[in-house]
Structures are given as C-alpha cells and as structure tokens.
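Subject: Structure for you to look at

Dear colleague,

I am handing over the structure we spoke about, and below it you will find what turned up when I went through it. Please keep it open beside this message while you read.

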Amino acid sequence: KSERENAKAEIRKELEPLRQVAAAGSTLSEVASKAEPSVWFVRTLDEAGQPSVGSAFVVASDSDQTFMLTSYTTVRAATKRPGPQVTVRKGNQELRADLYTWEEGRDLALLIVAKGDIPKLNFAPRDPALRVGERVFAVSGLGSAGTAVTQGSVADVSANGIQHDAAVGQGFQGGPLVNSKGELLGVASRSFSPLGFSSDGVYFAVPIRAACDKVLRCPDDSVAGAGARR
C-alpha cells in the first residue's frame, strides 16, 4: 500500500508540468475570447509610404460612433496633413478611422470610427494592485480567431509604466495589456520608454489610467467608459 501511494505521488509530480501547461492554454483561450470583440487590427502607411500596422481597442462606444486607443507610432504619419488613411479591420469588416487626438510621449493615439455599439474593454480595478510576477497578456487584433495573444509576467510597476516580458510584435503595438480576467491594465507599446532606454525582451506598457491625463476623459476611477479629450 505504501509503495502504491508513493507511486501515485510520483505520477502526480510528473504530470504537474502538463497540468500547468493545460491551465495556461485554457487561460489564453479565455483571454482571447473576452478581448476579441473589442480589439481591431490597424493598418495605415508611414512617412515613407510603407505599411504601418498595429492594433486598437475600444474604450467607448455609443449608438453612432466608437473610440479606440492605439499606438501613436503606428499612426504617426497621419498626424500630418495631408496624411495617409487609417483603417481598422476585424475579419472581413474594414472601417475608415479618423485620428482624433494623440500623445506622442506616451505613444498613445485615439481613433474614432462611424460605427456604434461595439463592446469595450473594462478597466481593471485599482484594488488589488498589480503585483510583480503577475501574469499579463498582450492582445493583437490580427489572428485566425480574430485575435492573437502572448503572455508574460510583470517585472515592475510604477506610475511611469508597467514593465513586462509579454512579447509585443508589430501587430500588437497599441493593443491592450490585460490580466487573466480580460480586464484592461495598459496599452502595449514597442517604443514607450519612460526611463529613457529600452531593454531587449522587456517592454513598457502605458498604464491605462495614464491615458486619462490627455487622451481620454474618464468619468470615474473604476471600470466606467471613457470618452475623447481634445
């Protein structure tokens, strides 16, 4: 009986890594499912006329129009007049997007599209606070299921930014950084460097409430919707 119990314990120990992988896969699937209706793929041109891509996510929507946050880096050429057209795409649906306002220092831009009633992402609550080591997920609006997700861990949290190691490819910049519940933590960026330098394999996300300083008008401090700010 003792040998049998020891054998069971050994088997459970050997299976634990597989259980963790399965749990991680389940979480990724859930995050993708929750974020998918709100995350779109962004396409435009850069100053040299070459393709510039990224992602955007819905922060506010009424019956007539929708506001989406994205990366300033992606739409930088559109801040000049005349500038290239910006479009957002989900599946076979492609919409013209107008650049409404931006904040270059935080790599933030706000788009407006003439389509209403698109689901938005909710802000993560302040409590409990985001902790070092917590898992986070970067979401892109381009993927076979409507989104693609990468995961990583928080390396540091400050008022300047969320330092993390979730991979942020070009198609992910401007997309949301969310927790395992699909709640919005920040805006994924490849160029935001609040400390004045970048580190290989480590990125800084703009905390979502920092977008309320200049780009968004946030009516309360929890999970309420946001509007545009000029």
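Before we turn to the strands, one term is needed: two strands are said to pair if DSSP finds at least two bridges between them. Please also bear in mind that this is a predicted model.

In outline, the protein chain has 230 residues, of which buried ones make up 44%, and it contains 2 helices and 14 strands. Among contacts between residues at least 6 apart in sequence, 59% join residues at least 24 apart. The accessible surface comes to about 11700 Å², and 49% of that surface belongs to carbon and sulfur atoms.

I would start with the strands near the beginning of the numbering. Strand 1, residues 39-45, pairs with strand 2 in the antiparallel sense over 7 bridges, and within this pairing Val-39 stands opposite Phe-57 of strand 2. These two strands form a hairpin with 5 residues between them, and in the turn Gly-49 has a positive phi of about 80 degrees. Strand 2 is also joined to strand 3, residues 66-70, by 5 bridges, and here too the strands run antiparallel. In this second pairing Ala-60 stands opposite Phe-67 of strand 3, and the two strands form a hairpin with 4 residues between them.

How enclosed is strand 2 by the rest of the structure? Of its 11 residues, numbered 51-61, 9 are buried, so strand 2 is largely enclosed.

Phe-67 of strand 3 appears again in the 1 aromatic pair that the structure holds. Its partner is Tyr-100, and the two rings meet edge-to-face, with 5.8 Å from centre to centre and 80 degrees between the planes. Because Phe-67 lies in strand 3 and Tyr-100 lies in strand 5, residues 93-103, the pair ties together parts that are 33 residues apart in sequence. As for their surroundings, Phe-67 counts as buried because its relative accessibility is 11%, whereas Tyr-100, with a relative accessible area of 23%, is partly exposed; the cut-off that separates them is that buried means under 20%.

Finally, the structure holds 1 disulfide. A disulfide is a covalent bond between the sulfur atoms of two cysteines. Here the bond is formed by Cys-212 and Cys-218, whose sulfur atoms are 2.0 Å apart. The torsion about their S-S bond is about -80 degrees, and the disulfide is therefore left-handed. Cys-212 has a relative accessibility of 15%, so this residue counts as buried.

With best wishes

Key:
Residues are numbered from 1 along each chain as its sequence is written. This is a predicted model: local features need pLDDT of at least 70, side-chain atom pairs count only at pLDDT 80 or more; totals for chains, interfaces and linings use all residues. Side-chain values use heavy atoms; hydrogens and water are left out. Buried means under 20% relative accessible area, exposed over 50%, partly exposed in between (1.4 Å probe, protein chains only). A disulfide is a pair of cysteine sulfur atoms within 2.5 Å. Contact means heavy atoms within 4.5 Å. Accessible areas come from the Shrake-Rupley method with a 1.4 Å probe; for residues, only the protein chains shown count as cover. Rings of Phe, Tyr and Trp (its six-membered ring) pair if their centres lie within 6.5 Å; planes under 30 degrees apart count as stacked, over 60 as edge-to-face and the rest as tilted.
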